[in-house]
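I opened my notebook to look up a few features of one structure. The entries follow in the order in which I made them.

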Amino acid sequence: MSRLAVTLALVVVSSTAHAQMVKAQPGQVTVDGRAVPTLTTGGVTYVRLDALVGQGGLTREGTGLFLRTFPNATPIRTQGCVGEWLSNGAVRLQVSGVNFNDTAMRPAWTVSLNGQKVLKALGDDYRTTLATQLIFQDGTAVRTGDDDANANLDFYPRSVSTSLKVSAFRKGVESPTNRPTRLILPAVTVYGKAYPAVTVDLTCQR
């Protein structure tokens, strides 16, 4: 078609290539951990293209929509909010939640992420060398590698994103009122090429 009608366009996600749009049944599929509404008719499931915008595979540029193949789906975008897919060209990530765990032994703030390695040559820098930071409301910061922090930042090149996390459990400091406000994944250099830091604003969600 010559024009893309964002509010009407559908993409087929099943193996059957044709169907009549009658008696369509609503449903949903999961794209990178987030529910996307669907319509099924004649054994074929359809997803609205505009529902995929922001899911990491589809971007809106001007009046057009552009579908990119996984895992290089996310364009270079290094600042955003909870729920948004971001990428510095080396990895892509999405903060999926920020939670306070009030346990008697060790109260802690945990930031949960989905992540994936985009650059195959990237080693285990984010796990072993580079310190990711959590910035808190009171201005203090915790870095992965500190005694009072814990992290799983193993980015793998998989077709399904990996569940990651960064936690802070400073003794006598963590409280439900002192929330983390930013997560900063530092810049990385691979074979002489620099990839910028990624900053997630933990106070907004999209």
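**Aromatic pairs**

I began with Phe 100, which counts as partly exposed because its relative accessibility is 22%, and the cut-off for buried is under 20%. I noted at this point that the model is predicted.

Next I looked up Trp 109, which counts as buried at 2% relative accessibility.

I then asked how many aromatic pairs the structure holds. I found two aromatic pairs. In one of them, the ring centres of Phe 100 and Trp 109 are 5.2 Å apart and the planes stand at 50°, so I wrote this pair down as tilted.

The other pair is Tyr 126 with Phe 155, where the centres lie 5.6 Å apart. The planes of Tyr 126 and Phe 155 are at 65°, so I entered the pair as edge-to-face; the cut-off for that label is over 60 degrees.

Where do Tyr 126 and Phe 155 lie? I located Tyr 126 in helix α1, and Phe 155 in the loop between β13 (149-152) and β14 (162-168). The pair therefore ties together parts that are 29 residues apart in sequence.

I also checked whether each ring residue is buried or exposed. Tyr 126 is buried, at a relative accessible area of 3%. Phe 155 is buried too, at 7%.

**Charges over rings**

I looked up Arg 106 and found it over the face of Phe 169, 4.2 Å from the ring centre.

I made a second entry for Arg 170, whose charged end sits over the ring of Phe 136. The distance to the centre of that ring is 4.3 Å.

**The loop residue Thr 132**

I found Thr 132 in the loop between α1 (125-128) and β11 (133-136). Thr 132 is buried, and I noted a relative accessible area of 1%.

Which residues does Thr 132 contact, leaving aside its neighbours within four places in sequence? I listed Val 142, Arg 143, Thr 144, Leu 153, Leu 183, Ile 184, Leu 185 and Pro 186.

**The open sheet**

I traced an open sheet of five strands, in the order β8-β9-β10-β14-β13, with antiparallel pairing. β8 (86-87) and β13 stand at the edges with a single partner strand each, so one side of each has no neighbour in the sheet.

Within this sheet I followed β10 (residues 108-117), which pairs with β14 in the antiparallel sense over seven bridges. What is the bridge partner of Gly 115 in β14? I wrote down Thr 162.

Technical notes
Residues numbered from 1 in each chain as written. Predicted model: local features only at pLDDT ≥ 70, side-chain atom pairs only at ≥ 80, totals over all residues. Heavy atoms only, no water. Helix = DSSP H or I, 4+ residues; strand = E, 2+ residues; numbered from the N terminus. Buried < 20%, exposed > 50% of the residue type's maximum accessible area, 1.4 Å probe, protein only. Contact = heavy atoms within 4.5 Å. Phe/Tyr/Trp six-rings, centres within 6.5 Å; stacked < 30°, edge-to-face > 60°. Lys NZ or Arg CZ within 6 Å of the ring centre and 35° of its normal. Pairing = 2+ DSSP bridges.
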